[in-house]
Every structure is written in C-alpha cells, then in structure tokens.
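Biologist: I am new to this structure and would like to learn how to read its features one at a time. Could you take me through them slowly?

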Amino acid sequence: DAFAQNNSPGHVHPPEPERGRFKYDIYRGVLTGLWGGGSAALVWQPWYKWLDRTLGTSRSIRVVLAKVILDTCVALPLYEIPSFTLCTVAPRKGFDESLVDLRESYTGQVVAGMCLWIPVTSFMFSFVPLHLRIIFVYS
C-alpha cells in the first residue's frame, strides 16, 4: 500500500510531501490490511480451493494457464480492483467520489494488476501448495 500511495495519483494521498519526504497515510494502510485479511479468508482461499477442485492440482502448463487466466482475467477485474478501491478509498473520500475515481482509473489498474499477478500466480499455481497460497500472495 505504501508503494501505491506514493505512486498512484488517482488514490487518496496525505498532504503533499514536505521537503521531498513521502507521508504515509496510516488510516488507509490499516483499511488496506483489514480489507486484505478479510478478502483472504472470505474470498481468496475458497476461490483457490474451487480452482483446484474444478481444474485439478496438476502442475501441467494447461492447468496452470487455465488457473492464471481465471484468476487474472475474471477475479482480478471483477472482484479485486472494485472491492479494494471501494473498501480502502471510499471511507476517506466518500462512495460517490471513489466510484468516479474507480471509473477513471479502472483500465490502468487492470493492466497494472495483470502485469503483477500473471507472473506471481503462474509461479504460485505451479509451485505453492494450496494451504500456503494465501501466505505467499500476502507476503
């Protein structure tokens, strides 16, 4: 979250840095942590279990690719980005303004998310067992 706060102009920032120093918004950091913990337990662990049940636990390129596509092309744009933005930004800016920000930055967030998560999930689905995936993703 500190990286996002420092580099994402569309998100809530604390007042402008003084003398070139970045000021971390602790409130947003706490909201991000709470959101991450809740979504890990309630959404991501069941999602990863469903992927393994549905597609199998094989490490074949075909199975890993199917999981990566579902994770980054379905879950990321439909759940992750909207819920993250609305849960972590809305309490500070208000729901309506956060929705406008989401509309304006959504495509860029999806592209950036895919650049990050395609390699991460490719590795994860190839080498990380189900019971360690949440720890791996949130580390």
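Modeller: What follows goes from the overall fold to the surface, the aromatic rings and the core. This is a predicted model, in which local features need pLDDT of at least 70 and side-chain atom pairs count only at pLDDT 80 or more, while totals for chains, interfaces and linings use all residues. Residues are numbered from 1 along each chain as its sequence is written, and side-chain values use heavy atoms, with hydrogens and water left out.

Biologist: How many helices and strands are there in the chain?

Modeller: Helices (H or I, at least four residues) and strands (E, at least two) are DSSP runs, numbered from the N terminus. Here the chain has six helices and zero strands, so that its pattern along the sequence reads α-α-α-α-α-α. Contact means heavy atoms within 4.5 Å, and of the contacts with a separation of 6 or more, 61% join residues 24 or more positions apart.

Biologist: What share of the residues in the chain is buried?

Modeller: A residue is buried under 20% relative accessible area, exposed over 50% and partly exposed in between (1.4 Å probe, protein chains only). Of the 139 residues in the chain, 37% are buried. Accessible areas come from the Shrake-Rupley method with a 1.4 Å probe, and for residues only the protein chains shown count as cover; the chain exposes about 8300 Å², with 67% supplied by carbon and sulfur atoms.

Biologist: Which residues make a nonpolar surface patch?

Modeller: Patches are made of residues with over 30% relative accessible area and no salt bridge (a side-chain nitrogen of Lys or Arg within 4 Å of a carboxyl oxygen of Asp or Glu); like charges are joined within 9 Å, and nonpolar side chains (Val, Leu, Ile, Met, Phe, Trp, Tyr) within 5 Å. In this structure Y24, I26, Y27, V30 and L34 make a nonpolar patch of about 520 Å². Y27, which lies in helix α2 (residues 26-55), is partly exposed at 39% relative accessibility.

Biologist: And how should I read the aromatic pairs?

Modeller: A pair of aromatic rings is described by the distance of the centres and the angle of the planes. Rings of Phe, Tyr and Trp (its six-membered ring) pair if their centres lie within 6.5 Å, and planes under 30 degrees apart count as stacked, over 60 as edge-to-face and the rest as tilted. The structure holds six such pairs. For Y48 and F125 the centres are 5.8 Å apart and the planes stand at 80 degrees, so this pair is edge-to-face. Because Y48 lies in helix α2 and F125 in helix α5 (residues 95-127), the pair ties together parts that are 77 residues apart in sequence. Y48 is buried at 3% relative accessible area, and F125 is buried at 3% as well. A tilted pair is formed by F123 and F127, 5.1 Å centre to centre with 45 degrees between the planes.

Biologist: Where does the largest nonpolar core draw its residues from?

Modeller: A nonpolar core is a set of buried Ala, Val, Leu, Ile, Met, Phe, Trp, Tyr and Cys residues joined through side-chain atoms within 4.5 Å. The largest one has 13 residues, and those with the most contacts inside it are W44, W47, Y48, L51, M124, F125 and I134. At least two residues come from each of α2, α3 (61-88), α5 and α6 (133-137), and α2 gives the most, with five.
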